[in-house]
Amino acid sequence: MAKDADRSATLSIGETTIDLPIMSPSLGPDVLDIRKLYAQGDVFTFDPGFTSTASCESDITYIDGDKGELLYRGYPIDQLAENSHFLEVCYLLLYGELPSAQELNKFETLVTRHTMLHEQMTNFFRGFRRDAHPMAIVCGVVGAMSAFYHDSTDISDAHQREVATVRLVAKLPTIVAWAYNYHTGRPLVYPRNDLDYAANFLHMCFSVPCEEYKVNPILSRAMDRIFTLHADHEQNASTSTVRLAGSSGANPFACIAAGVACLWGPAHGGANEAALSMLREIGTVDRIPEYIKKSQDKNDSFRLMGFGHRVYKSYDPRAKVMQETAKEVLELLGVEDNPTLQVAQELEKIALSDPYFIEKKLYPNVDFYSGIILDAMGFPTTMFTPIFALARTVGWISQWKEMIADPSMKIGRPRQLYTGATHRNYVNVEDR
Ligand code: SDX
């Protein structure tokens, strides 16, 4: 919790002077508490895109955009990616501390035993067109969970909140894998309790009934690391969507479905799919300058996908780990001379020495290299964002739980700067 304000800022508006308390965080910039501003000053603040606005108080994830630092409950992302594994990171994000061996074993067993979906949901999958984008299927099925798991939708019941949390973490891999199975016309593959979380997901995505599928341990380690890197990221667009939906009292499945929908956009989680398509369109290193030029043309909507970030004004720490993982995986798969990786590395080198990118502090973000790894693993680009959604579900649900448990939680209801017509009276059609 933030310490009580011991300082304040003074704001003068005409004859009115208002003292705005300054709140001090454990890390990051001070916060000006403007909760009483409208009541005392009869003015709104104006901050489209919330570039200077803290929407909530949170203990979960901290980002320092200038240093390129990302902490999950205080632990640096590179240490977690190197030394931990996704379900341990889920426990950390959900409960605030690294688990003991016993706590971890209990949590992993609980998740493993909740990976199956209600059998009736297979009919729900079969209602989609085969060529539906997997994100459309995932968004629909996650929302439909509130139609199948009624006994964990009462948000006022702590036990039901816990059940919904475990169900979402446990079942998203099955939902995403089934979306892929269905999209490619293969049978739905059931989860297996003898495999760990990442290996189970790869098995459900790639195995076929006609032969045994052996999970490559290098690929499942890389998959697990990708899940960890995408698990949470402070108050990004989709997390803010989940919080806003949750603030109305909507059930957790509906809130997470809202987060999935928001993540789909190419400016957010859809960037990994767009980044690989862009790298493929560039095709060869000699065409990079043409695209760098396009991305700086104000009259051209083209942007370098996988570059830039609202918060990171230096290298996204996740992109660093992702680049190392991409090299490792491609080397182990014997495709280190992957042309797409070569274009990506050359594009990064050229962009980072380009005055436009330097001046605007544009660096590769988490989405720039992830697609190269997922492509090498055999996933189609349409599966990149569903995998992002699978991993981010634990972050969304951790933030949702924190908000629900916050006694000061109120429904989110921003105001506006109205610039429309002033008051006028109705005119009958014959008089117009
Ligand atoms: C994710 O918020 C999160 O934490 C998100 C995320 C998470 O984990 O949840 O990190 C995941 O969404 C990563 C971002 C993935 N998106 C992309 O890679 C799409 C490409 N990037 C851009 O669309 C953009 O950089 C954003 C959306 C990511 C950030 O946009 P902002 O903060 O609103 O910045 P902006 O659009 O105002 O850009 C500032 C300037 C602009 O130029 P000017 O108007 O000042 O002249 O930089 C330019 C932009 O035109 N710019 C780019 C660019 N990104 C910004 N120019 C070329 N290529 C780019 N990629």
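## Asparagine 365 and its loop

The side chain of asparagine 365 reaches over to the backbone nitrogen of aspartate 367, with 2.8 Å between them. This is a predicted model, so every distance here is computed from predicted coordinates. Asparagine 365 sits in the loop between α16 (355–359) and α17 (366–377).

Is asparagine 365 buried or exposed? Its relative accessibility is 7%, so asparagine 365 counts as buried, the cut-off being under 20%.

## Around the ligand

Now for the ligand. Its shell has 24 residues, and the ones that come nearest are His233, His309, Arg310, Arg318 and Arg392. By type, the shell splits into nine nonpolar, eight polar and seven charged residues.

A few polar contacts can be picked out. Histidine 309 puts a polar side-chain atom 2.6 Å from an oxygen atom of the ligand. For arginine 303, an N or O atom of the side chain is 3.0 Å from a ligand oxygen. Tyrosine 356 pairs with a nitrogen instead: an N or O atom in its side chain is 3.2 Å from a nitrogen atom of the ligand. As for cover, the ligand taken alone exposes 1100 Å², and the protein buries 78% of that.

Arginine 392, one of the nearest residues to the ligand, is found in helix α18 (residues 384–404). With a relative accessibility of 1%, arginine 392 counts as buried, because the cut-off is under 20%. If you want a ruler across the model, take arginine 392 and threonine 45: they are 347 residues apart along the chain, and their C-alpha atoms are separated by 31 Å.

## The second largest pocket

The second largest pocket holds about 270 Å³ of space. Its lining is made up of 19 residues, and Leu87, Leu195, Asp196, Tyr197 and Ala198 are those that lie nearest the centre. Sorted by type, the lining has eight nonpolar, six polar and five charged residues.

Which helix gives the most to this lining? That would be α8, with four residues. At least two lining residues each come from α4 (101–112), α7 (158–183), α8 (197–206) and α9 (217–229).

## Positive phi outside glycine

Two residues are worth a look on a Ramachandran plot. Phenylalanine 50 has a phi near 55°, a positive value in a residue that isn't glycine. You'll find phenylalanine 50 in the loop between α1 (37–41) and β4 (61–64). Its relative accessible area is 56%, so phenylalanine 50 is exposed, the cut-off being over 50%.

Arginine 73 also isn't a glycine, and its phi is positive at about 50°. This arginine is placed in the loop between β5 (69–72) and β6 (75–76). Arginine 73 is partly exposed because its relative accessible area of 21% falls between the 20% and 50% cut-offs.

## Histidine 150, a loop residue

Histidine 150 has its place in the loop between α6 (134–144) and α7. Its side chain reaches the backbone oxygen of alanine 147 at 3.4 Å. Is histidine 150 buried or exposed? With a relative accessible area of 54%, histidine 150 is exposed.

There's a C-alpha distance to go with it: histidine 150 and glutamine 160 are 10 residues apart in sequence and 9.6 Å apart in space.

## Two buried residues in regular elements

Threonine 61 lies in strand β4. At 10% relative accessibility, threonine 61 counts as buried, because the cut-off is under 20%. From threonine 61 to glutamate 324, C-alpha to C-alpha, it's 23 Å in space and 263 residues in sequence.

Isoleucine 373 belongs to helix α17. Its relative accessibility is 1%, and isoleucine 373 counts as buried too. The C-alpha atoms of isoleucine 373 and asparagine 193 are separated by 26 Å, with their positions 180 residues apart along the chain.

Definitions and conventions. Residues are numbered from 1 along each chain as its sequence is written. This is a predicted model: local features need pLDDT of at least 70, side-chain atom pairs count only at pLDDT 80 or more; totals for chains, interfaces and linings use all residues. Side-chain values use heavy atoms; hydrogens and water are left out. On a 1 Å grid over the protein atoms alone, a cavity is a set of points where a 1.4 Å probe fits but cannot get out, and a pocket is an open set with protein on both sides within 12 Å along at least five of seven lines; lining residues have an atom within 4 Å of a point. Grid points are joined across faces, edges and corners, and a volume is the space filled by probe spheres set on the points. Ala, Val, Leu, Ile, Met, Phe, Trp, Tyr, Cys and Pro count as nonpolar, Asp, Glu, Lys and Arg as charged, and the others, Gly among them, as polar. A residue is near a molecule or strand if one of its heavy atoms lies within 4 Å of it. A polar contact is a pair of N or O atoms within 3.5 Å; within protein, one must be able to donate a hydrogen and the other to accept it, and residues adjacent in sequence count only if both atoms are side-chain atoms. Accessible areas come from the Shrake-Rupley method with a 1.4 Å probe; for residues, only the protein chains shown count as cover. Buried means under 20% relative accessible area, exposed over 50%, partly exposed in between (1.4 Å probe, protein chains only).
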